[in-house]
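Biologist: I should be grateful for a close look at a single part of this protein, namely the largest pocket, together with the surroundings needed to place it. Please set out what lines it and how the rest of the chain is arranged.

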Amino acid sequence: MNWILLIIAGIFEVAFAFCLGKAKESTGNEMYLWYIGFLIALAISMILLVKATQTLPIGTAYAVWTGIGAVGTVLVGIFVFKEPATFLRILFLTTLIGSIIGLKVVSH
């Protein structure tokens, strides 16, 4: 169950990064709404991370959480914000995904 909470926490990490990106592109009241979304996603992500670390090793949980956030944020950047998808970027993204899976496999 705590692995599921950790994955959801990572997804909310991607959500708060997405909100930051949208706030950067926005002006006026819309910008503030994106910042509010950022704060809500940040709070949910942190609460779920704290809950997951009650039974998972902190080092593994934090690495997986940041890894999910990093992978998701790069993908959002590529697909939503039209950032470049170069060979090296995809290569290192794939390596990061393999590392996250490896941490899950070797954790108790």
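Modeller: The account below begins with the whole chain, turns to the pocket, and then follows the helices and their contacts outward.

The coordinates come from a predicted model. The mean pLDDT of the protein is 95, and 99% of the residues reach 70 or more. Among the helices, confidence is lowest in α4, residues 87–106, with a mean of 93, and highest in α2, with a mean of 98.

The secondary structure consists of four helices and zero strands, and the order along the sequence is α-α-α-α. Along the principal axes, the C-alpha atoms occupy a box of roughly 50 × 35 × 15 Å. Of the 108 residues in the protein, 33% are buried. When contacts between residues at least 6 apart in sequence are considered, 70% of them join residues at least 24 apart.

The largest pocket holds about 170 Å³ of space. Its lining comprises 13 residues, and those closest to the centre are Ala 17, Gly 21, Gly 77, Phe 81 and Glu 83. Helix α1 provides the largest share of this lining, with six residues. Both α1 and α3 (58–79) supply at least two residues each.

Glu 83, one of the residues closest to the pocket centre, also takes part in a salt bridge. Its partner is Arg 89, and the closest N and O atoms of the pair are 3.0 Å apart. Glu 83 is partly exposed, at 36% relative accessibility, and Arg 89 is likewise classed as partly exposed, at 27%. In general, side chains of opposite charge can pair when their charged atoms come close. Thr 86 is located in the loop between α3 and α4. This threonine is partly exposed, with a relative accessible area of 39%. Thr 86 and Gly 69 are 17 residues apart along the chain, and their C-alpha atoms are separated by 19 Å.

Helix α1, which gives the pocket six lining residues, spans residues 2–25. A salt bridge joins the side chains of Lys 22 and Glu 25 within this helix, with an N to O distance of 3.9 Å. The two residues are three positions apart in α1, so about one helical turn separates them. Lys 22 is partly exposed, at 23% relative accessible area, whereas Glu 25 is exposed, at 52%. The cut-off for a salt bridge is 4 Å between the side-chain nitrogen and the carboxyl oxygen, and by this rule the count comes to two.

Asn 2 also belongs to helix α1. This asparagine counts as buried because its relative accessibility is 16%, and buried means under 20%. Apart from neighbours within four places in sequence, Asn 2 contacts Lys 51, Ala 52, Thr 55 and Leu 56. The C-alpha atoms of Asn 2 and Thr 55 are 7.2 Å apart, although their positions lie 53 residues apart in the chain numbering.

A further set of contacts involves Ser 45, a residue of helix α2, which covers residues 28–52. Ser 45 is buried, with a relative accessibility of 0%. Once neighbours within four places in sequence are set aside, its contacts are Ala 9, Phe 12, Glu 13, Phe 16 and Trp 65.

The UniProt record, an unreviewed entry, carries the annotation "transmembrane region" for residues 33–50, 62–81 and 87–106. In the model, residues 33–50 are 100% helix and 0% strand, with the end C-alpha atoms 26 Å apart. Residues 62–81 are 90% helix and 0% strand, and the end C-alpha atoms of this stretch are 26 Å apart.

To return to the pocket itself: the residues closest to its centre include Ala 17, Gly 21 and Glu 83, α1 makes the largest contribution to the lining, and Glu 83 is paired with Arg 89 in a salt bridge.

Note on methods: Residues are numbered from 1 along each chain as its sequence is written. This is a predicted model: local features need pLDDT of at least 70, side-chain atom pairs count only at pLDDT 80 or more; totals for chains, interfaces and linings use all residues. Side-chain values use heavy atoms; hydrogens and water are left out. Buried means under 20% relative accessible area, exposed over 50%, partly exposed in between (1.4 Å probe, protein chains only). UniProt positions are given in the numbering used here, feature names are shortened, and annotations may be inferred rather than shown by experiment. Contact means heavy atoms within 4.5 Å. pLDDT is the predictor's confidence in each residue, from 0 to 100. On a 1 Å grid over the protein atoms alone, a cavity is a set of points where a 1.4 Å probe fits but cannot get out, and a pocket is an open set with protein on both sides within 12 Å along at least five of seven lines; lining residues have an atom within 4 Å of a point. Grid points are joined across faces, edges and corners, and a volume is the space filled by probe spheres set on the points.
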